[in-house]
Amino acid sequence: MDFVAIDLLMLLCLNIFTNSFSKGIPQPSCIKSERQALLKIKQQLKHSNMLTGWKAGNEDCCNWVSVFCNTVTGHVTELQLGSSNDTIASRSKKAGSLKLGGKLSPALLDLKHLSYLDLSNNDFGPTQIPDWFWNLTSHLQYLNISGNQFQGKIPDLLTNQASLVLDLSFNNFTGSLPGISFNVTVLDLSNNVLSGSMSQFLCHKKHQMKLEVLNLEGNYLSGEIPDCWEKWRSLVAIELCNNNFSGGIPSSMGALTSLESLHLRNNHLEGEIPDSLTNCTQLLTLEFATNHLSGEIPPWMGERLSKLIIISFQSNRFHGHVPEQICGLSSLQILDLSHNNLSGNIPSCINNLTAMISRKMTRGKISYKTSKGCFFDNMALMMKGTMLDYSNTLGLIKLVDLSDNNLSGEIPEEMTMLTGLLSLNLSKNHLVGKIPSKIGAIKTLECVDLSENNLSGKIPDSMSELSFLSYLNLSYNNLTGQIPTGTQLQSFSASSFLGNKLYGPPLPTPKTPVPASKIVEEQVENRKQVDWNIIWMEIGFWCGF
């Protein structure tokens, strides 16, 4: 999993806003002053076909597209103006016509009862957020302006009275991290241009913070990850990938006993995995890929973190054996320990990873519940020799990648019992012996890479039964014999089998060598034959002379 770029995709359940209901339920007419505010907002926007129904002659603004009102008071409570919002998209055949642009109107402040504002994925251009706009956060419960080109610095957001979901991701905000109120429950600042340290943001808190999701992925944050997480015990998910953090994983993260998802990929972290993480027994995902972490993989992970679904430790400096205790993780679906310095044998108990045995597709997404709904993991995984992003189908992936280590011994036969496996990569090790004869029992396999080992013997006939196989690399081993016939294996290029002593399609047919005895006979016979052309030439020469 080089990776995972694991963006947190939020799905917020509408039942958190209990005062807003569907358009089908009878509602009182909207408040006149709020209708006028909406018309002022429209005047400042370049709205194309999106807001054509917002007209002065259409007095009941509660029936306008993207406007939702309280069913008792008639006050406007929600504006769902995000271009990707399902409610809007269902009203137009052309999604391209739904992009808003223009300017943000201060008339938004006149909607005193507004609790939900979605302006995501529009086309405002490189726009500086006006100072007055941040005052909306004092009474909003949900603010999403992600996927625009807003820029400038984010001020401290300390005035909100209600719990707040705040999504400012995929913009061009600069400066340091803002201070936040203890009422903020979801904060997504990912994929901006924020820089500096986390210390002022994280430390010196007097009260327990209510934050449940923190996403700072894809910025330019640097320095050590502060060791002061004790006041953030409500956190369910932390995403700090693709920054410039250094130092070790702070031991105070062990205080986060509600933590289910921890992503630290692609930083400059070093040192060992702290033992304090044994307290984080709710963890489902651990992603530490592409750092400089060292030491042995802790055996306690297989004992204390029994709910783990994803382990991604790719591209670090871990050494020692693959601990047998990992076999106790019955929910594990993705095990990526590639590009490390691990040695020893592959544990024969690997068949105890029972989540990799089932072929049932029970869920497409891996989700985590919060008080405001749930979010989904999105990760980049190495599949079929290519880095691919997975979000909606991440829960369907079942993968073992132990490539580019110093593993030795044979591939355990028990590996073939993982009959739900999609990808198996054991390349670039020192494995010996034969390819397990029952590998064809893993009917779901789409990717197999066993290249650059010391495997010997024949390719098992059962491999030709892998009808879903779309990537195969057995090159540079000591395999012998004929490649099993059948349409499946013959569909791959010859490069999948190079560096062995194999023959048969798709390898080119070698020219039949001529026996040395036959060559000698031909040479002797040629000497016995008289070349009359040479004789007549010599007679002519002497006669002329």
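**The second pocket**

Sort the lining residues of the second largest pocket into nonpolar, polar and charged.

*Solution.* Start with the split: eight nonpolar, eight polar and three charged residues. Here Ala, Val, Leu, Ile, Met, Phe, Trp, Tyr, Cys and Pro count as nonpolar, Asp, Glu, Lys and Arg as charged, and the others, Gly among them, as polar. Next, place the lining: it has 19 residues, and L158, G179, I180, Q200 and K205 lie nearest the pocket's centre. Then add the volume, about 400 Å³.

On the bookkeeping: this is a predicted model, where local features need pLDDT of at least 70 and side-chain atom pairs count only at pLDDT 80 or more, while totals for chains, interfaces and linings use all residues. Residues are numbered from 1 along each chain as its sequence is written, and side-chain values use heavy atoms, with hydrogens and water left out.

**The largest cavity**

Work out which residues line the largest cavity and how they divide by type.

*Solution.* First, the search: the whole structure gives three cavities of 30 Å³ or more. (On a 1 Å grid over the protein atoms alone, a cavity is a set of points where a 1.4 Å probe fits but cannot get out; a pocket is an open set with protein on both sides within 12 Å along at least five of seven lines; lining residues have an atom within 4 Å of a point. Points are joined across faces, edges and corners, and volume is the space filled by probe spheres set on them.) Second, the largest cavity comes out at about 60 Å³. Third, read off its lining: V322, I326, C327, L335, P347, I350, L353 and L402. Finally, classify them: eight nonpolar, no polar and no charged.

**Two open sheets**

Find the edge strands in the sheet 35-37-38, then do likewise for 7-9-11.

*Solution.* Take 35-37-38, an open sheet of three strands with parallel pairing. Strand 35 (456-457) and strand 38 (501-503) each have a single partner strand, so one side of each has no neighbour in the sheet. (Strands are DSSP E runs of at least two residues and helices H or I runs of at least four, numbered from the N terminus; two strands pair if DSSP finds at least two bridges between them.) Two bridges tie strand 35 to strand 37 (residues 478-482), and G457 sits opposite L479 in strand 37.

Now 7-9-11, an open sheet of three strands, also paired in parallel. Its edges are strand 7 (127-128) and strand 11 (172-174); each has a single partner strand, so one side of each lacks a neighbour in the sheet. Strand 7 runs parallel to strand 9 (residues 150-153), with two bridges between them, and T127 has F150 as its bridge partner in strand 9.

**Around strand 31**

Trace how strand 31 pairs with strand 25 and with strand 33.

*Solution.* Strand 25 (residues 341-344) joins strand 31 (residues 406-410) through two bridges, running parallel; G344 is partnered with L407. On to strand 33 (residues 430-432), which pairs with strand 31 in the parallel sense over three bridges; S408 has H430 as its bridge partner.

**Confidence check**

Locate stretches where pLDDT (the predictor's confidence in each residue, from 0 to 100) drops under 50.

*Solution.* Begin with the overall picture: the protein chain has a mean pLDDT of 86, with 85% of its residues at 70 or more. Residues 1-23 stay under 50, yet the model gives them 103 contacts (heavy atoms within 4.5 Å) beyond four places in sequence. Residues 85-96 are also below 50, with 15 contacts beyond near neighbours in sequence.
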